[in-house]
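Me: Please justify the structural terms applied to this model, setting each value against its definition.

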Amino acid sequence: MTDQRQILPTNVQPVHYDLTLQPDLETFFFQGQVKIDLLVLQDSNTIVLNAHDLKIRSATIYSTSLKTESRQPVTSICCDEKRDQVSLSFVETLPAQSKAVLEVHFDGILNDQMCGFYRSSYKTSDGETKYIATTQFEATDARRAFPCWDEPLLKATFDITLIVPAHLTALSNTNVIAEYQLSDQLKQVKYSTTPLMSTYLVAFVIGPFEYIEAFTTGEHNGQPVRVRVYTPPGQAEQGHHALSVAVKALELFAKHFGEPYPLPKLDMIGIADFETGAMENWGLITYRTVSLLFDEKQSSIVSKKRTAYVVCHELAHQWFGNLVTMKWWNELWLNESFATWVGWLAVDDIFPEWDVWTSFVNEDMPRALNLDALRSSHPIEVAVNDAAEIHQIFDAISYYKGASVIRMLSTWLGVDTFLAGVRLYVRRHKFSNASTNDLWLALSEEAGVDVSQFMDLWTKRVGYPVLSVSLQPVNKIKVVQSRYLSTGDLQAAEDSTMWWAPLGMLVPNHTQMFTLTEKAQEFSIPESGLFKLNAGQTSVYRVHYPIEVIRALADEVKKGRNGMLVNTADRVGLIADAGNLCVSGEQETTAFLELAQAFVNEENYFVWSQLSTHLSNILGVWYLEPDYVKDGLKALRRHLFAPMARRLGWEFAESDEYLTNILRVLSLTNAGRSNDTETIQEAKRRFARFVAGDMDALHPNLRGPVYGIVLSNATTADEENTTWNHILNIYRNDQFPTDQRLIALNSLGGAKSHALISRYMLMSLDEKEVRSQDTIYVFGSLAANPDARQLFWQFFSENYDLLRSKFSSSPSLFAAAICSVVTGFSSVEQLDQVEAFFADKDTKDYARALQQALESARVNAKWLLRSRASVADWVQAHTTAFN
């Protein structure tokens, strides 16, 4: 695998960078100079390093080991644009085991592509557009800012100096050690030397920022750490929530990892134009503003949870990823999976009332399991050979399957034992690089078991098992494992892995611990015959029960707190398994519809959320079916959710618990989208008061759902147009916090009118209307709207070249667009048309996303063909009971 990687020659190794940059925020160019201390490992008269979109003005090599002069200019500069490499040649050979300094002067572009050293726009209070300069280097874009060895293994220290307009704030990874006024217009800012770090973690940001600050207690860091939240002018007050979370999490992570935070400060800053959610640059974490800022009065509670998690995830990286870094991108999961798991661990410590591990089972695990049920999935550890492949593995497998596997392992070992192993791993490899095997070794030493023996099956093999259960005589069950594919057509050659799977058998009053290690095994069950596998949903598999077991578990659900399934995660898992097994054909879709009715008296948000997900999924796939079928499915959903919506009502009280508030939002959303007349009428009344200026008419938590309900239930073209324009004005209103404006933008995609849908799609091409990063809201909304899917495909195919160019440097955004435009289809004919369109396209940068989107859609098409008739019959037989 190593031989195929596009890596730099190893004749020299960088040790230290002394980098000076001067960006011009008027012309969008920057000048740079870098002096790189090198250790010469082999006799060399050529040095190859990474550079992209940089103009090298001059290069000089210095070495006291040269035979003539200690300084010699480079005689040739050759650029390989395809490989992002520049080759520098000089006359006299640098001897092995000597030291040298390479000095390069260069120019670059402050691009508008949200990668490398780039510009981001903002509006002043009087409406004028201005710009800041910022960075995004992961995975391979430090080379856009300065010539470097842009590989995670090649760690070095950095001295950074920025020459910037005198009135602006300039930030970098470390603290300022000197600041000089060069003229009335310019100042020079110098920062302390960084620890050993990879190039993708270097960062600098220049602009007019405000900040708030606080200090950690120092209990586990040895001394208080200064934490600041930087924001655009006028928004600093929205940083208090993130700041509060950060000061707590920094101490918590120092405790968990057994090492103090190694820098003197931590800055977090909101950037208006930002491709991902956030970036863990060491000491200077950059965020999308919506992932950092929270308005206590106007933001939704969902935004509060997202901000807390993203902050904890990025802070976890300061140790796991920054202090200890993967050797190569094939082990990206070491960074992202662990930061996901331990990020939720920190949120759970700070906000125990949020029940985040049940939330993980409800939201994060399904993301992983849905993707990993496809043939086009990939192992957690996946071969990565060139830059075009790296961004394609920043997906649900690297983040959520990896985190799910870590959760399974930590539960089996015990969290304390697991964290003790992690501390040993961090202590051994700090300021260096490590591999998956290094982590397994440390965990094995602490636990006294060979962790790699069973964990390699989970990280190196694609997929996960479905455990098929059959009842045997004399109180026994037989469990057979096979790879789960949502296509339902597993071939023998694909079923070669025997996973190690902790069973955790829930029986009345306790849990029995078993482990499945063979293809098929028998286990004892109680005389009552009552059991459920995967207690607490801590393990990574689906369970296929015989129908009599499902009925027995449904009876336990109906008993509520007096039944066996008192743990919310067990009820969520029962629904998740049943809902997915009907997609693949192991169970009937009508069996899931029957099971759903057992939850009519359910009280917990997460269970209702899982039900909502699967009922909405069915409706989404059945979107072209006759109205009586769709209305019958909506009637079932209304039957389940409308009573809860009535009971919880529309008002939020200070005393309401978090889970009560989000259940209120979920219930009203589902009732309103299921033709519930009372909910629709109240939504319209409150919306009218809200757009007339009564801000209290719609609580921030309910604005998105209400926008969707009133828009989709407009009865005339005039009403729809008026409603749509009101929501558009909310999106355009800078007085609303970012999360609320994006909620409005997302809601606009729910229109039925072809004219409004077309107008919405055209907005996505206009940078003045929709920032490039925010097109994901537009595309996701169009994909969710059955009335828009065909128009969306037509728009995408007609504007393919334009969209491809627009996202040329943001391949993950283009991949997201492809997923949105393809996965909504459930017709074989439509999918054949899609495949024909892409047949002659160069899909290298998004091949994995396209393949997965097409396979997901074909899964749905197959599901519909298989279950269409039985669902229609079921609806006809049951609709009367729901009305």
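The exchange below takes up one helix and two serines.

Reply: This is a predicted model, in which local features need pLDDT of at least 70, side-chain atom pairs count only at pLDDT 80 or more, and totals for chains, interfaces and linings use all residues. Residues are numbered from 1 along each chain as its sequence is written, and side-chain values use heavy atoms, with hydrogens and water left out.

Me: How do you know that the span of helix 5 agrees with its number of residues?

Reply: A helix is a DSSP run of H or I of at least four residues, numbered from the N terminus. The expected span is 1.5 Å times one less than the number of residues. For the 17 residues of helix 5 (residues 356-372) that gives 24 Å, and the end C-alpha atoms are 23 Å apart, so the two agree.

Me: What makes helix 5 largely enclosed by the rest of the structure?

Reply: Buried means under 20% relative accessible area (1.4 Å probe, protein chains only). Of the 17 residues of helix 5, 14 are buried, therefore the helix is largely enclosed.

Me: Why is Ser303 called buried?

Reply: Ser303, in helix 3 (residues 301-317), has a relative accessible area of 1%, so the term buried applies.

Me: What makes the pairing of the Ser377 and Asp372 side chains a polar contact?

Reply: A polar contact is a pair of N or O atoms within 3.5 Å, one able to donate a hydrogen and the other to accept it within protein; residues adjacent in sequence count only if both atoms are side-chain atoms. The side chains of Ser377 and Asp372 meet this at 2.6 Å. Ser377 lies in the loop between helix 5 and helix 6 (387-390) and is buried, with a relative accessible area of 9%.

Notes
Helix = DSSP H or I, 4+ residues; strand = E, 2+ residues; numbered from the N terminus. Buried < 20%, exposed > 50% of the residue type's maximum accessible area, 1.4 Å probe, protein only.
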